[in-house]
Amino acid sequence: MSTSSRRAPPVAPAVPLVVGMLAISFAPILVRYSDAPVSVQGMYRMLFTLVMMLPFGAKHLGPIRRVSAKDWVLLALAGFFLALHFLLWMASLDYTSIASSTIILSLEPVFVMAGAYFLFKDRPRRTALAGMAIALAGVVLVGSGDSGVSKSAVLGDVLSFLGTLAVVVNMLIAKRLLERVPSYLYSLIVFAVTFLCFWGYNLAGGIPVTGYPPREWLVFSLLAFVPTVLGHMIFNWLLQYVKPTTISMSVLAEPIGASLLGMALFREMVGGFQLAGGALVILGLVLYMRAEQADAPKIDKDPETASA
């Protein structure tokens with residue numbers, strides 16, 4: 001939708017933005033609270049999200065008949081890489097701190113920019129490239145700090161980094177698909193594929209998916225409702241009214257909010273390297289987002305956001 005035709009939201013955009021930022025900050029906290037395998041957490045997160053989506057989305061299912069065979073393949077790939085992202089990133093929280101994992105994950109928009117340059121010839125400004133370099137330096141600094149803690153912390157950082165690359169592939173596929181597939185339908189199909197990937201992974205690995213205590217089912221439900229429905233789905237709804245860069249900027253709050261919650265709930269103190277590295281990542285991302293906003297065209301379609 002063009003800037004001129006953008007409707008006024010029923011509430012001030014700052015209100016749902018704050019709700020969304022708070023919601024996504026709880027994702028790593030909820031993962032840490034669960035004792036279930038991360039593949040089981042991811043499976044039920046997707047299943048419960050689908051259950052919450054379906055009653056309100058029947059009217060959006062009509063275009064499914066017009067999805068081409070090629071787009072079905074791309075949708076399946078998007079779901080696979082989303083499942084891979086959840087599996088790697090959620091596993092990283094068993095080895096490294098919440099601060100390190102979420103700081104590395106916040107590099108997602110930088111790598112999306114790089115991928116868009118090579119695949120779609122979207123040329124970034126020099127300011128955006130400088131922001132990317134600063135953010136990457138911050139990630140190296142975070143990893144350097146963890147290398148002095150333990151080898152497992154470095155493994156956690158690597159898992160988070162690989163999980164970030166997986167969600168970048170998911171986002172680049174989404175960029176192409178959302179030119180033809182409505183946002184709601186895209187989310188529904190991709191979430192369903194992600195659920196099936198987790199189900200198959202658990203089945204192949206002999207991982208039990210039942211028999212968990214009530215506390216675990218509560219965590220599974222909260223993972224679906226808080227960071228997914230109250231977080232990413234609110235952001236998707238806001239895309240009707242605000243620019244995509246506004247939504248992307250709000251994601252920068254996740255490492256800050258998650259780190260503060262980690263300190264309060266798990267006594268995970270943030271070291272000097274992590275503070276310095278996190279500051280560089282945030283600075284680099286702010287420079288990148290400013291450059292992107294300066295180049296942003298008028299909004300034609302609702303893009304899709306898909307992070308942890």
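This note walks a newcomer through the predicted model shown above, one point at a time.

1. **The overall plan.** A good place to begin is the secondary structure: the chain has 13 helices and zero strands. Reading from one end of the sequence to the other, you meet the pattern α-α-α-α-α-α-α-α-α-α-α-α-α. The chain holds 308 residues, and buried residues make up 50% of them.

2. **How the chain comes together.** Take the contacts between residues at least 6 apart in sequence: 90% of them join residues at least 24 apart. The accessible surface of the chain is about 14,100 Å². Carbon and sulfur atoms account for 70% of that surface.

3. **The largest nonpolar core.** Which residues touch the most other members of the largest nonpolar core? They are L75, L177 and Y186, in a core of 51 residues. Several helices give two or more residues to this core, among them helix 2 (27–33), helix 3 (38–57), helix 4 (69–92) and helix 5 (98–105). Further along the sequence, helix 8 (151–177), helix 9 (183–205) and helix 10 (214–238) also do so. Helix 4 gives the largest share, eleven residues. As general background, nonpolar side chains in soluble globular proteins tend to be buried together.

4. **Another core.** Apart from the core just described lies another, of 16 residues. Its members include A135, L172, V281 and Y288, if you would like to find them in the structure.

5. **Helix 3.** This helix has 20 residues, and 14 of them are buried, so "mostly covered" is a fair description given the cut-off of under 20% relative accessible area. From its first C-alpha to its last, helix 3 reaches 28 Å, close to the 28 Å expected at 1.5 Å a residue.

6. **Helix 9 and what follows.** Helix 9 has 23 residues, which should span 33 Å at 1.5 Å a residue. Its end C-alpha atoms are 33 Å apart, so the expected and computed spans agree. After helix 9 comes G206, whose phi is positive, near 65°.

7. **Two residues of helix 9.** Both F198 and A192 lie in this helix. Is F198 buried or exposed? It counts as buried because its relative accessibility is 2%, and the cut-off for buried is under 20%. Leaving aside neighbours within four places in sequence, F198 is in contact with S39, G42, M43, A83, F86 and L87. The C-alpha atoms of F198 and M46 are 9.1 Å apart, although the two residues are 152 apart in sequence. A192, by contrast, is partly exposed, with a relative accessible area of 27%. Its C-alpha is separated by 9.7 Å from that of M43, which is 149 residues away along the chain.

8. **A salt-bridge network.** How many salt bridges does a search of the whole structure find? It finds three. In one of them, R215 pairs with D35, and their closest N and O atoms are 3.7 Å apart. This pair links distant parts of the chain: R215 is in helix 10 and D35 is in the loop between helix 2 and helix 3, 180 residues apart. R215 also forms a salt bridge with E216, at 3.4 Å from N to O. Through shared partners, D35, R215 and E216 are joined into one network. The three differ in cover: D35 is exposed at 65% relative accessibility, R215 is partly exposed at 41%, and E216 is buried at 3%.

9. **The R180 and D71 pair.** Here the side chains meet in a salt bridge at 2.7 Å, N to O. This pair, too, links distant parts of the chain, with R180 in the loop between helix 8 and helix 9, D71 in helix 4, and their positions 109 residues apart. R180 is partly exposed, with a relative accessible area of 43%, whereas D71 counts as buried at 5%.

10. **A nonpolar patch on the surface.** To finish on the outside, look for V11, V15, V19 and W237, which make a nonpolar surface patch of about 300 Å². Of these, V15 is found in helix 1 (residues 14–25).

Note on methods
Residues numbered from 1 in each chain as written. Predicted model: local features only at pLDDT ≥ 70, side-chain atom pairs only at ≥ 80, totals over all residues. Heavy atoms only, no water. Patch = residues over 30% accessible without salt bridge, like charges linked within 9 Å, V, L, I, M, F, W, Y side chains within 5 Å. Areas by Shrake-Rupley, 256 points an atom, 1.4 Å probe, with all protein chains shown as cover. Salt bridge = Lys/Arg side-chain N within 4 Å of Asp/Glu carboxyl O. Helix = DSSP H or I, 4+ residues; strand = E, 2+ residues; numbered from the N terminus. Buried < 20%, exposed > 50% of the residue type's maximum accessible area, 1.4 Å probe, protein only. Contact = heavy atoms within 4.5 Å. Core = buried A, V, L, I, M, F, W, Y, C linked by side-chain atoms within 4.5 Å. Expected span 1.5 Å × (residues − 1).
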